[in-house]
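Biologist: Before we go into the details of this chain, could you put it on the screen, so that we can both follow the fold while we talk?

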Amino acid sequence: MLNRSTGRATVVRDFESRIGDPAFPCVGAKSAAAQDNLEFVLAGDLRSSVRDQLIVRELQDFARKQSADTVFVSALVLFPSTPPLDELQFERALWQRLQALHALDAARHDWDPSVSSDPDSPHFSMSIGGRGFYVIGLHPGSSRPARRFRCAALVFNLHSQFEALRADGRYDKLRDAITERDIAYSGSRNPMLAAHGVASEARQYSGRQVGEQWRCPFSAQGGASRHGNRDAA
């Protein structure tokens with residue numbers, strides 16, 4: 001992966017600078033950046049499958065390296081060749097890419113048994129390399145200022161780090177701090193935010209505000225029951 005010790009590509013510097021803005025609301029991202037725990041993958045156009053093999057290899061390696069109690073670490077897949085997209089176009093491209101990445105990953109790895117593979121489940125998280133991830137879509141056309149970056153990107157945050165933060169009592173305080181900062185930064189609370197286990201996090205991935213009738217276009221290979229679907233317990 002491309003990190004601060006191995007490269008200073010303009011697009012990476014732009015992301016580092018944006019996250020380093022004192023007003024930027026995500027204190028988790030700030031902590032990861034301060035600890036040099038942001039890893040970058042440069043991947044061209046979000047709508048293209050050309051770099052899918054590379055992305056999957058890098059994310060599998062990222063997943064393998066992180067312990068279950070690791071916190072404040074993220075993998076950012078940057079797509080600087082993506083043209084301007086509106087929110088619906090970005091959402092479609094995001095799920096097409098995640099579906100394609102899953103198809104490659106499923107050849108070697110089962111779904112993380114600690115999360116559901118059913119995108120309608122409140123326990124859903126994306127899985128790569130056998131580890132659950134909460135994915136955050138960023139792009140220039142986002143209606144949420146905190147999600148508005150110069151180029152399209154997908155941020156992969158390990159699900160296990162949120163469980164680790166819950167276990168040591170830091171999760172609620174961190175979530176509340178980010179929410180308060182985002183309200184100050186964006187002028188309103190993000191209406192799509194919900195805690196894991198309350199509503200499917202798939203609704204949050206693209207950043208687009210969606211209604212109750214929205215259905216995620218993603219489908220895990222073999223169906224949800226093939227993997228560790230917590231809702232079946």
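Biologist: In what order do the elements of the chain run from the N terminus on?

Modeller: Please keep in mind that this is a predicted model. The secondary structure of the chain comes to six helices and five strands. Read from the N terminus on, the elements run α-α-β-α-β-α-β-β-β-α-α.

Biologist: In what order do the five strands stand in the open sheet?

Modeller: The five strands form an open sheet with mixed pairing, and the twist from one strand to the next averages 35°. Strand 1 (38–42) and strand 3 (126–128) each have a single partner strand, so they stand at the edges, with one side of each left without a neighbour in the sheet. The order across the sheet is 1-2-5-4-3.

Biologist: How many bridges join strand 2 to strand 5, and which residue of strand 5 stands opposite V77?

Modeller: Strand 2 covers residues 74–79 and strand 5 covers residues 152–158, and the two run antiparallel. The bridges that join this pair number six. The residue of strand 5 that V77 stands opposite is L154.

Biologist: Which strands does helix 4 touch, and which does helix 5 touch, where they pack on the sheet?

Modeller: Helix 4 (residues 87–105) makes about 50° with the direction of strand 5, and for helix 5 (residues 159–167) the angle with strand 5 is likewise given as about 50°. Helix 4 packs on the sheet by touching strand 2, strand 3, strand 4 (131–138) and strand 5. Helix 5, for its part, packs on the sheet by touching strand 4 and strand 5.

Biologist: Is N157 buried or exposed, and what is its relative accessible area?

Modeller: N157 has its place in strand 5. Leaving aside residues up to four places away in sequence, N157 touches V73, S74, G132, F133, Y134, I136 and F162. Since residues under 20% relative accessible area count as buried, N157 is classed as buried, and its value is 9%.

Biologist: And A107, is that residue buried or exposed, and what is its relative accessible area?

Modeller: A107 is found in the loop between helix 4 and strand 3. In space, C-alpha to C-alpha, A107 and Q221 are 9.8 Å apart, although their positions lie 114 residues apart in sequence. Because exposed means over 50% relative accessible area, A107 is classed as exposed, with a value of 68%.

Biologist: Which residues of helix 2 are buried, and what covers them?

Modeller: Helix 2 spans residues 27–34 and is followed by D36, whose phi is positive, near 60°. The buried residues of the helix are V27, G28, A29 and A32. What covers these buried residues includes helix 1 (10–20), strand 1 and helix 6 (171–186).

Biologist: Which element gives the largest share of the lining of the largest pocket?

Modeller: The largest pocket holds about 990 Å³ of space and is lined by 41 residues, with C26, Y134, I136, I178 and L193 lying nearest its centre. Helix 2, strand 2, strand 4, strand 5, helix 5 and helix 6 are the elements that give two or more residues to this lining. By class, the lining has 24 nonpolar, nine polar and eight charged residues. Its largest share, seven residues, comes from helix 6.

Biologist: Which residues lie closest to the centre of the second largest pocket?

Modeller: About 190 Å³ of space lies in the second largest pocket. The lining of this pocket divides into eight nonpolar, two polar and four charged residues. Of the 14 residues that line the second largest pocket, the closest to its centre are A199, S200, R203, E212 and W214.

Biologist: Which residues line the second largest cavity, and how do they divide by class?

Modeller: A search of the whole structure finds two cavities of 30 Å³ or more, and the second largest has about 40 Å³ of space. The residues that line the second largest cavity are T82, P83, P84, L85, F90, H139, P140, G141 and A152. By class, this lining divides into six nonpolar, three polar and no charged residues.

Biologist: What percentage of the residues of the chain count as buried?

Modeller: Among contacts between residues at least 6 apart in sequence, 72% join residues at least 24 apart. Of the 233 residues of the chain, the share that counts as buried is 52%.

Terms used:
Residues are numbered from 1 along each chain as its sequence is written. This is a predicted model: local features need pLDDT of at least 70, side-chain atom pairs count only at pLDDT 80 or more; totals for chains, interfaces and linings use all residues. Side-chain values use heavy atoms; hydrogens and water are left out. Two strands pair if DSSP finds at least two bridges between them. Helices (H or I, at least four residues) and strands (E, at least two) are DSSP runs, numbered from the N terminus. Axes are lines fitted to C-alpha atoms, for helices over the stretch in contact, and angles run from 0 to 180 degrees between N-to-C directions. Contact means heavy atoms within 4.5 Å. Buried means under 20% relative accessible area, exposed over 50%, partly exposed in between (1.4 Å probe, protein chains only). On a 1 Å grid over the protein atoms alone, a cavity is a set of points where a 1.4 Å probe fits but cannot get out, and a pocket is an open set with protein on both sides within 12 Å along at least five of seven lines; lining residues have an atom within 4 Å of a point. Grid points are joined across faces, edges and corners, and a volume is the space filled by probe spheres set on the points. Ala, Val, Leu, Ile, Met, Phe, Trp, Tyr, Cys and Pro count as nonpolar, Asp, Glu, Lys and Arg as charged, and the others, Gly among them, as polar.
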